[in-house]
Amino acid sequence: MPSLKSLLFVAFVGISLVIMIITSTLQIPSYIKIIFLAIALFIDILAMSTRFYSYLFIPLYKMKDKTIVLSNEEPFYIAPSGNAIITREGSDVYATAFVKIPIYKSATEMNEEEKIDFARLFSRIVSISKTPYKITTQMYLINKDDYINKIRDKLNEVEERYQKSMSEKETNPSIVEREKGEVTMWHNLLESIGRIQSHALLNYVTVTATGSTEEEATALATQQADELSSGIGATLGITTTMMTGEEILLVTQADYTIPFSTVSEEIRQKTVSEGL
Amino acid sequence: MDEETIIYLGFTGLVALIAIFFAANYGALSIVAIILSIVTLIIIAIINYADFILFPIVTIVLGIKTVPAKNYMIPKNQNCIIKNVNGLYYATGYLTANVYNYVFAAERVDISEEQKLASGPEKWERIVMNVKFPFKFHLITYANEIQAYREDLEGKRGFLEFQLSKEMQAASPNQLTIDDFQRRINVIQSRIERLSSGERPVGSVMYIESIAVGVSEKAASDALTNQINQLQTVFNSMDLSINRVVGRELNILFRFGYFIPTSTAELEGLFNVQK
């Protein structure tokens, strides 16, 4: 069955040709002919654009407020088993599984021979499977959200206590002084944590499989991931593991790569220091 | 030129050529008809070879944004994907990292392969040490069919040898051109020899992704541009051909974050892959 792309191309080329032939044979004023020619040539350009942009034609037709909506769905959801993500493209179901490759070696610790050996082993990984797969190295911010949130809660708590002590006239001045010191301590701690970003590096492999159902696609993807995992593990002499849940989110979602509280604290401090 | 390109360029170009052929029917405005047809031919060529230039121009002029998925947005300049999470904006951008230049322009086959292999991990670590923001280096790889790949290489080698002999027999042969042909032939020859030694041919697509955060769409997008410029500088040491991805391919790479093509044909249909 011809695809939408081919149908649109044939239709546009056909319409363009028909308009052009009819216009050039009709006995009408030249300026009207030119208008029709311009329309025919515009449709011809549309025909060419179907090569790359056929997916845009229907959303473009439905466009509102100068916004083309290609999809209003979440880009993926995590499979019930937790070890793959599911994406739907039309009637196709894609399941993608992720394998973590823990490499703790550093080139600075290797001699020339070891460097060559390591590069050779990596080259072997690149050609380990016949089906396409993706090898990724990701540098991300270490998630300090929980820690920052705990410090923030503690800071709010001591600030509240300090304000309360300040407002009560009968409170011992030494207690107020101690609470003030506590506020300063938590404040300094929050500031020092938020000021520096801590990075980490993660290597992983991604493999995708299609199926008619979610379960079938997930089973195929995890099977392929297992094969890759064993191949890579044996080649590099390491223990590879399938990624699950939050680990998958870390490599697929921007707000997990740059955690919200970790970065918002840094932005807040930057804004304060710039006097904004 | 592949089959699909021939069909698309052939048919659409033919329509514009027919318009030129029948220009006389437009009387006094025949010159206008010819100009319109030539402009159409130019636009068709741009769409085919450099749509990444034309598409952002159209979206900027018309002020069109694209929503590839829930909570994501591609701004009108088509150079990043923005996600809004609780009032913070995350901008994601991509760079191609093809090594075409490395193979065809800068690779010197006389340098021992050992040296190149040894310098790889060290260069990579230096890059990682110099980058102070999140980024990802992706390498999509797939196995090629050995026999077809070998035939393809032999065909390329034959064509280059023909060009070389033509240049050598020319009235005034250019030494630089001869050297270039010889270098390319050597590269292909070394690949054929590697195949003979049992190495499996692979195709690959490489790209770099970076994420920046900001309190507004513009702040995130500007921070991303800054990061991408830095990445372009640091990755220069790897001798990669690096270009920022804009337009249609941005959406394709965004989708690659969630699933990759499951067949070689599908992958080859989306990008010019390196073999």
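Here are three short exercises on how chains A and B fit together, each with a worked solution.

This is a predicted model, where local features need pLDDT of at least 70, side-chain atom pairs count only at pLDDT 80 or more, and totals for chains, interfaces and linings use all residues. Residues are numbered from 1 along each chain as its sequence is written, while chains are lettered from A and ligands numbered from 1 in the order in which they are written.

**Exercise 1.** Work out how many residues each chain puts into the contact.

Start with the rule: two residues are in contact if their C-beta atoms, placed from the backbone, lie within 7 Å. On that basis, chain A gives 72 residues and chain B gives 71 residues. Next, look at chain B's side: helix H2 (residues 30–62; a DSSP run of H or I, at least four residues) supplies the largest share, 11 residues.

**Exercise 2.** Find the strand of chain B that pairs with strand E1 of chain A.

Strands are DSSP runs of E, at least two residues, and a pair needs at least two bridges. Here, E1 (residues 67–69) of chain A runs parallel to E1 (residues 65–67) of chain B, over 3 bridges. Now zoom in: Ile68(A) sits opposite Thr66(B).

**Exercise 3.** Name the residues that touch the most other members of the largest nonpolar core.

A core joins buried Ala, Val, Leu, Ile, Met, Phe, Trp, Tyr and Cys residues through C-beta atoms within 7 Å; buried means 20 or more other C-beta atoms within 10 Å. Out of 72 residues, the answer is Ala95(A), Val205(A) and Tyr90(B). Strand E6 (residues 202–214) of chain B gives the most to this core, 8 residues.

Conventions:
Buried ≥ 20, exposed ≤ 12 C-beta atoms within 10 Å, placed from the backbone.
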